[in-house]
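User: I am new to this structure and would like to go through it by question and answer. Please keep each answer short and end it on what was asked.

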Amino acid sequence: MKLDLTEERYRFDFPGAKELYKFDERDTLSPTFHGAPMKAVDVMAEFDKFQLWIEIKGYTDEDIQHLKNEKDQKKAGDNYHIKDYLVKNFKGKFRDTFLYRYCEDKIKKPILYVCLTNFDDAENSYFKKELKRLIPGGKANPKRWIKELIPQDKIFVVNEATWERNFQNIFGTCKSY
């Protein structure tokens with residue numbers, strides 16, 4: 001079955017998916033509306049052997065340049081800087097989506113978490129490293145944890161070109177418009 005979805009100026013076409021839908025649904029009449037004041041990833045795709053969670057972030061060229069120039073300096077008057085805020089946002093989207101799916105009793109397959117940005121590969125590499133630092137991979141405490149949260153090799157931060165190179169043959173296409 002061919003499933004496609006348009007969300008956040010991207011069109012996803014996932015031929016192998018069993019389901020593909022907007023997960024961060026705001027329409028109260030939608031069957032995928034979760035009704036809790038928590039964060040959620042933008043797109044959810046269900047495949048036979050895994051769940052694909054996609055968070056989308058797009059910035060203007062000016063904002064991206066500011067992000068690159070920022071380095072690790074905090075902005076005057078703020079208690080965070082853009083990079084710090086963004087990586088914590090990515091983490092929060094994963095965490096809250098995990099809680100939603102757990103409460104729905106739908107954490108039955110491995111999760112792949114993809115943050116889709118319009119950043120270059122160097123910026124995406126930075127965010128991937130930081131995200132892996134903030135989301136405990138595997139069994140964070142093997143003495144207590146029975147289940148794995150998400151393997152570190154299942155966390156990705158990519159742009160459209162990287163998607164095309166690495167994921168197109170696995171999930172399907174992702175095209176901006």
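## Rings, strands and cysteines

Analyst: The structure holds 21 aromatic pairs. The model is a predicted one.

User: Which residues form one aromatic cluster?

Analyst: A pair of aromatic rings is described by the distance of the centres and the angle of the planes. One aromatic cluster is made up of Tyr10, Phe12, Phe14, Phe47, Phe50, Phe156, Trp163, Phe167 and Phe171.

User: Over the ring of which residue does the charged end of lysine 83 sit?

Analyst: A charge counts as sitting over a ring within 6 Å of the ring centre and within 35 degrees of the ring normal. The charged end of lysine 83 is 4.7 Å from the centre of a ring. That ring belongs to tyrosine 126.

User: Is strand β6 largely enclosed by the rest of the structure or exposed, and how many of the residues are buried?

Analyst: In a regular strand the side chains alternate between the two faces of the sheet. On one side of β6, Ile111, Tyr113, Cys115 and Thr117 are buried, and on the other side so are Leu112, Val114 and Leu116. Strand β6, residues 111–117, is therefore largely enclosed by the rest of the structure, with a buried count of 7 of the 7 residues.

User: Which residue of β6 is the bridge partner of lysine 57?

Analyst: Strand β5 covers residues 51–57 and runs parallel to β6, with 7 bridges joining the two. In β6, the bridge partner of lysine 57 is threonine 117.

User: Which residue in β7 stands opposite cysteine 115, and through which helix does the chain cross from β6 to β7?

Analyst: Strand β7, residues 155–158, runs parallel to β6 and is joined to it by 4 bridges. Opposite cysteine 115 in β7 stands valine 157. The β-α-β crossover from β6 to β7 is right-handed, and the chain makes it through helix α3, residues 121–134.

User: How many disulfides does the count come to?

Analyst: A disulfide is a covalent bond between the sulfur atoms of two cysteines. The cut-off used here is a pair of cysteine sulfur atoms within 2.5 Å. The count of disulfides comes to 0.

User: How far away is the nearest cysteine sulfur from that of cysteine 115?

Analyst: Cysteine 115 is in no disulfide, and the nearest cysteine sulfur is that of cysteine 174. Cysteine 115 counts as buried because its relative accessibility is 0%. Cysteine 174 is also buried, with a relative accessible area of 4%. The distance from the sulfur of cysteine 115 to that of cysteine 174 is 13 Å.

User: Which element gives the largest share of the largest nonpolar core?

Analyst: In soluble globular proteins, nonpolar side chains tend to be buried together. The largest nonpolar core has 26 residues, and those touching the most other members include Trp53, Phe94, Tyr113 and Phe127. Two or more residues of this core come from each of α1 (61–70), α2 (82–103), β6, α3 and β7. The largest share, 7 residues, comes from α2.

User: Which residue in β5 stands opposite valine 43?

Analyst: Strand β4, residues 43–46, has both faces covered: Val43 and Ala45 are buried on one side, Met44 and Glu46 on the other. β4 and β5 form a hairpin with 4 residues between them, and they pair in the antiparallel sense over 4 bridges. Opposite valine 43 in β5 stands isoleucine 54.

User: Which residue in β4 is the bridge partner of leucine 20?

Analyst: Strand β3, residues 19–22, pairs with β4 in the antiparallel sense over 4 bridges. The bridge partner of leucine 20 in β4 is alanine 45.

User: Is aspartate 42 buried or exposed?

Analyst: Aspartate 42 is found in the loop between β3 and β4. Buried means under 20% relative accessible area. At 5% relative accessibility, aspartate 42 therefore counts as buried.

User: What is the phi of arginine 9?

Analyst: Most residues other than glycine have a negative phi. Glutamate 8, in the loop between β1 (3–7) and β2 (10–14), has a positive phi near 50°. Arginine 9 is found in the loop between β1 and β2 and is exposed, with a relative accessible area of 61%. Arginine 9 is not a glycine, yet its phi is positive, at about 65°.

Methods. Residues are numbered from 1 along each chain as its sequence is written. This is a predicted model: local features need pLDDT of at least 70, side-chain atom pairs count only at pLDDT 80 or more; totals for chains, interfaces and linings use all residues. Side-chain values use heavy atoms; hydrogens and water are left out. Buried means under 20% relative accessible area, exposed over 50%, partly exposed in between (1.4 Å probe, protein chains only). Two strands pair if DSSP finds at least two bridges between them. A crossover is right-handed if, with the strands pointing away from the viewer, the path from the first strand over the helix to the second runs clockwise. Rings of Phe, Tyr and Trp (its six-membered ring) pair if their centres lie within 6.5 Å; planes under 30 degrees apart count as stacked, over 60 as edge-to-face and the rest as tilted. A nonpolar core is a set of buried Ala, Val, Leu, Ile, Met, Phe, Trp, Tyr and Cys residues joined through side-chain atoms within 4.5 Å.
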